[in-house]
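Reader: I would like to go through this model, beginning with the ligand and then moving along the chain. Please give the reasoning before each value.

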Amino acid sequence: MKNIIFIAPPAAGKGTISNMLTDTYHMTHISTGDLLREETSSDSELGKYIKEQMQSGALVNDEIILDLLKKRIAKDDCNDGYILDGFPRNVEQAIAYENILKELNKDLGYVFLLDVDKELAKKRIVGRISCPQCGAVYNEYMEETKPKKDGICDKCNISLVKRDDDNEETFEKRFTTYFEKTEPLINYYKEKGVLYNIPASCGKDPTFAAIKKVMFGE
Ligand code: ADP
């Protein structure tokens, strides 16, 4: 299976689509947001710095993220295709990533751009809740993705949680960061001929279908 990169504004559905790919094709899902959140659970200076950056909606320093990512993709479960959800976030990271790929003898694979309208993204963020155990993502305000029981994971039957940075104020900053830092990646990958534009405003099933079509022509 080829590796996958998702480029998308906050709440475009990267996490949800990654989970669908993992469930269907058993690919390894690497969310750099989750890798960073794991670091924030320690009381170290690094943990505090990461927490502050994430809460402000700014990007975490490239060196930190590259180090975490390199260690993660060198693991055995990344030998048969992995999904990068949240990386690269700027052109510098993309260039550094290609050097890591060369070193580890891995391929870039597909780059999917999930295209979504800003107002819809905001609605998704403000109502977003997820399962701390299986990572499933729900939205308390959207019928399509509401949990069956309020605030409880359909699969694990435990309480869903809300991320610290899923509020309106941080959302605006995250969106601005996306336009300034991440959007230039669109041209970067377009020029390499590896970018696929996937409309992502119409729900998870049509989005997933469009991705499968690129991957398998189904
Ligand atoms: P979203 O895509 O919905 O904003 P993520 O979980 O991917 O959520 O990211 C949350 C935060 O983690 C970002 O706002 C940023 O502070 C940090 N982060 C995640 N990935 C990266 C990265 N590749 N480089 C720098 N910072 C990152």
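Reader: Which residues come nearest to the ligand?

Author: This is a predicted model. The ligand has 20 residues around it. Those that come nearest are K14, T32, A58, Q93 and R174.

Reader: Which element gives the largest share of the shell around the ligand?

Author: The shell is made up by class of nine nonpolar, four polar and seven charged residues. Its largest share is four residues from one element, and that element is helix α2, residues 32-40.

Reader: How far is the side chain of R174 from an oxygen atom of the ligand?

Author: Three pairs of atoms can be set side by side here. A backbone N or O atom of G86 lies 2.9 Å from a nitrogen atom of the ligand. R128 places a polar side-chain atom 3.2 Å from a ligand oxygen. For R174, an N or O atom of the side chain is 2.8 Å from an oxygen atom of the ligand.

Reader: How much of the accessible area of the ligand does the protein cover?

Author: On its own, the ligand has 550 Å² of accessible area. The share of this area covered by the protein is 97%.

Reader: How many disulfides does a search of the whole structure find?

Author: A disulfide needs two cysteine sulfur atoms within 2.5 Å. For C131, the nearest cysteine sulfur is that of C153, at 3.7 Å, so C131 is in no disulfide. For C156, the nearest is that of C134, at 3.8 Å, so C156 is in none either. Over the whole structure the search finds zero.

Reader: Is C131 buried or exposed, and what about C156?

Author: Buried means under 20% relative accessible area and exposed means over 50%, with partly exposed in between. C156 has 22%, so C156 counts as partly exposed. C131 has 3%, so C131 counts as buried.

Reader: What separates the C-alpha atoms of E63 and A96?

Author: E63 lies in helix α4, residues 62-73. With a relative accessible area of 64%, E63 is exposed. E63 and A96 are 33 residues apart along the chain, and their C-alpha atoms are separated by 9.6 Å.

Reader: Which backbone oxygen does the side chain of T207 reach?

Author: T207 is in helix α9, residues 204-216. Its relative accessibility is 3%, so T207 counts as buried. Leaving aside neighbours within four places in sequence, T207 is in contact with I17, L114, I198, P199 and A200. The side chain of T207 reaches, at 2.6 Å, the backbone oxygen of G203.

Reader: What is the omega of the peptide bond that joins F87 and P88?

Author: Most peptide bonds are trans. The bond that joins F87 and P88 is cis. P88 is in the loop between β3 (82-85) and α5 (91-104). The omega of the bond is about -10 degrees.

Reader: What phi does N105 have, and where is N157?

Author: Most residues other than glycine have a negative phi. N105, which is not a glycine, has a positive phi of about 60 degrees; N105 is found in the loop between α5 and β4 (110-115) and is exposed, at 73% relative accessible area. N157 is not a glycine either and has a positive phi of about 60 degrees. The place of N157 is the loop between β6 (137-139) and α7 (168-182).

Reader: With which side chain does the side chain of E98 make a polar contact?

Author: E98 lies in helix α5. At 19% relative accessibility, E98 falls under the 20% limit and so counts as buried. Not counting residues up to four places away in sequence, E98 touches Y188, Y189 and K192. The polar contact, at 3.2 Å, is with the side chain of K192.

Reader: How far apart are the C-alpha atoms of E169 and D107?

Author: E169 is found in helix α7. Its relative accessible area is 69%, so E169 is exposed. Along the chain, E169 and D107 are 62 residues apart, and the separation of their C-alpha atoms is 37 Å.

How values were computed. Residues numbered from 1 in each chain as written. Predicted model: local features only at pLDDT ≥ 70, side-chain atom pairs only at ≥ 80, totals over all residues. Heavy atoms only, no water. Near = heavy atom within 4 Å. Polar contact = N/O pair within 3.5 Å; in protein donor to acceptor, adjacent residues only side chain to side chain. Areas by Shrake-Rupley, 256 points an atom, 1.4 Å probe, with all protein chains shown as cover. Helix = DSSP H or I, 4+ residues; strand = E, 2+ residues; numbered from the N terminus. Nonpolar A, V, L, I, M, F, W, Y, C, P; charged D, E, K, R; others polar. Buried < 20%, exposed > 50% of the residue type's maximum accessible area, 1.4 Å probe, protein only. Contact = heavy atoms within 4.5 Å.
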